[in-house]
Amino acid sequence: AMYENNELDTTGVPLPEMDRVKADPVLSQDFYSAPTPCTYYYGFTNTKPPFDDVRVRSAFSMAIDRQSLIDNVLKGGQIPATSFAPPGIFGAPEPGAVGLGYDPAAAQASLQEYLDEKGMTIDDFNALGTVLMHNTSEGHANIAAAIQQMWSDTLGVEVTVENQEWAVYLNTVGPDTPIEEVPHVWRMGWCADYPDENNWIHEVFNADEGANRLRRTSGEFDEITVQAGRSQDPDERAALYAQAEDMLARIEAAYAPIYHYTTVNVTHQWLTRNFPPLGANDFFNWTIDWDAKLEAQGQ
């Protein structure tokens with residue numbers, strides 16, 4: 001509202017406003033969208049049943065139609081993600097090259113194999129009470145509702161969606177919270193501190209040296225990311241990181257990458273600005289046509 005009242009030079013576009021902004025003859029001319037080095041993902045609590053079984057985690061990941069989510073909910077040109085680090089990060093695989101994509105039949109088969117081994121029906125599974133949690137946000141809620149429906153349609157699972165304010169939420173999904181208080185599935189995002197896979201696959205997920213909100217047990221993946229960080233050979237490092245990305249997202253299915261972000265923005269024509277791919281805005285490179293701005297403000 002402040003932007004449309006000419007009180008702001010530039011601002012992000014909220015998800016609920018996306019269609020209107022794109023259709024508006026004026027706002028659409030101010031609209032800008034471009035990839036940015038951030039990734040949105042759903043973490044699985046790897047030690048909490050039934051998500052302590054890779055077949056369940058795989059099923060939930062493969063049942064997410066990422067492109068449909070982007071086309072029908074996000075609408076900002078985001079890139080479907082099957083691995084963690086986005087394009088532009090050293091060592092990042094090409095989008096879709098590794099990990100698990102949308103595969104409803106494989107998702108159903110994976111869950112059914114688990115159910116058959118456990119002697120369970122889908123009703124028995126639903127009785128366990130799967131919880132998906134996100135921090136309070138209309139955008140996160142819309143994404144959660146869409147994926148909740150995908151899981152219901154594809155797998156027949158019933159998932160309860162809960163939300164918490166950010167400070168409480170961070171504590172809830174922390175690695176030291178008692179397991180009974182942690183949701184089975186939870187949303188999180190990561191943006192680059194520096195453009196190297198070490199800042200991504202290692203610092204976020206390594207069980208020994210990373211944040212490890214997934215509560216993984218240390219293993220081959222963790223050894224690979226340490227080795228990649230120590231190597232002085234760029235080709236070797238890239239190959240190791242690709243192996244680690246695939247291991248985490250496909251072999252372990254420890255989490256479900258969902259999409260790589262885009263910057264979605266509107267900027268008034270009186271402001272000339274740039275969009276740095278990494279780091280904070282460099283306002284010193286921005287210029288304002290003050291005559292045009294004051295005229296728009298009726299001064």
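**Figure 1. A disulfide joins cysteine 38 and cysteine 191.** In this predicted model, the two sulfur atoms sit 2.0 Å apart. The count of disulfides comes to one. A disulfide is a covalent bond between the sulfur atoms of two cysteines. Cysteine 38 belongs to strand β2, and cysteine 191 belongs to strand β6 (residues 185-191), so the bond ties together parts that are 153 residues apart in sequence. The angle about the S-S bond is 115°, and the link is right-handed. Are the two cysteines buried or exposed? Cysteine 38 has 8% relative accessibility and counts as buried. Cysteine 191, at 38%, counts as partly exposed.

**Figure 2. Helix α7 has a buried side.** The helix contains 18 residues. From first C-alpha to last, α7 reaches 25 Å, close to the 26 Å expected at 1.5 Å a residue. Its buried residues are Gly139, His140, Ile143, Ala144, Ala146, Ile147, Met150, Trp151, Thr154 and Leu155. Why do they share a side of α7? They cover an arc of only 165° around the axis, and this puts them on the same side. Glu138 and Asp153 are exposed on the other side.

**Figure 3. The two ends of α7.** Look at the start of the helix. There, a side-chain oxygen of serine 137 comes to within 3.2 Å of the backbone nitrogen of glycine 139. Now look past the end. Glycine 156 follows α7, and its phi is positive, near 75°.

**Figure 4. The largest nonpolar core has 37 residues.** Which members touch the most others? They are Tyr42, Phe60 and Trp151. At least two residues come from each of β2 (31-44), α3, α4, α5 (104-118), α7 and β7. Helix α7 gives the largest share, seven residues. A second core is separate and holds 26 residues, among them Ala85, Tyr241, Leu248 and Tyr255.

**Figure 5. The surroundings of phenylalanine 60.** Set aside its neighbours within four places in sequence. Which residues are then in contact with phenylalanine 60? Three are phenylalanines: Phe44, Phe51 and Phe125. The others are Thr130, Trp151, Leu155, Val157 and Val159. Trp151 and Leu155 are also among the buried residues of α7.

**Figure 6. Serine 61 is buried in the model.** This residue lies in helix α3. Its relative accessible area is 1%, so serine 61 counts as buried. Its side chain makes a polar contact with the side chain of arginine 66, at 3.2 Å. Leaving aside neighbours within four places in sequence, serine 61 is in contact with Phe44, Arg66, Leu100, Tyr255 and Ala256. Two of these names return elsewhere: Phe44 also contacts phenylalanine 60, and Tyr255 is part of the second core.

**Figure 7. One face of helix α4 is lined by buried residues.** The helix covers residues 66-74. Arg66, Leu69, Ile70, Val73 and Leu74 are buried. Seen down the axis, they fall within an arc of 110°, so they line one face of α4. What do these buried residues pack against? Their partners are α1 (18-23), α3 (54-62), β3 (79-80), α7 (138-155) and β7 (255-267). Arg66 is also the polar partner of serine 61. Lysine 75 comes just after α4 and takes a positive phi of about 60°.

Key
Residues numbered from 1 in each chain as written. Predicted model: local features only at pLDDT ≥ 70, side-chain atom pairs only at ≥ 80, totals over all residues. Heavy atoms only, no water. Buried < 20%, exposed > 50% of the residue type's maximum accessible area, 1.4 Å probe, protein only. Helix = DSSP H or I, 4+ residues; strand = E, 2+ residues; numbered from the N terminus. Arc of directions from axis to C-beta. Contact = heavy atoms within 4.5 Å. Core = buried A, V, L, I, M, F, W, Y, C linked by side-chain atoms within 4.5 Å. Polar contact = N/O pair within 3.5 Å; in protein donor to acceptor, adjacent residues only side chain to side chain. Disulfide = S-S within 2.5 Å. Expected span 1.5 Å × (residues − 1).
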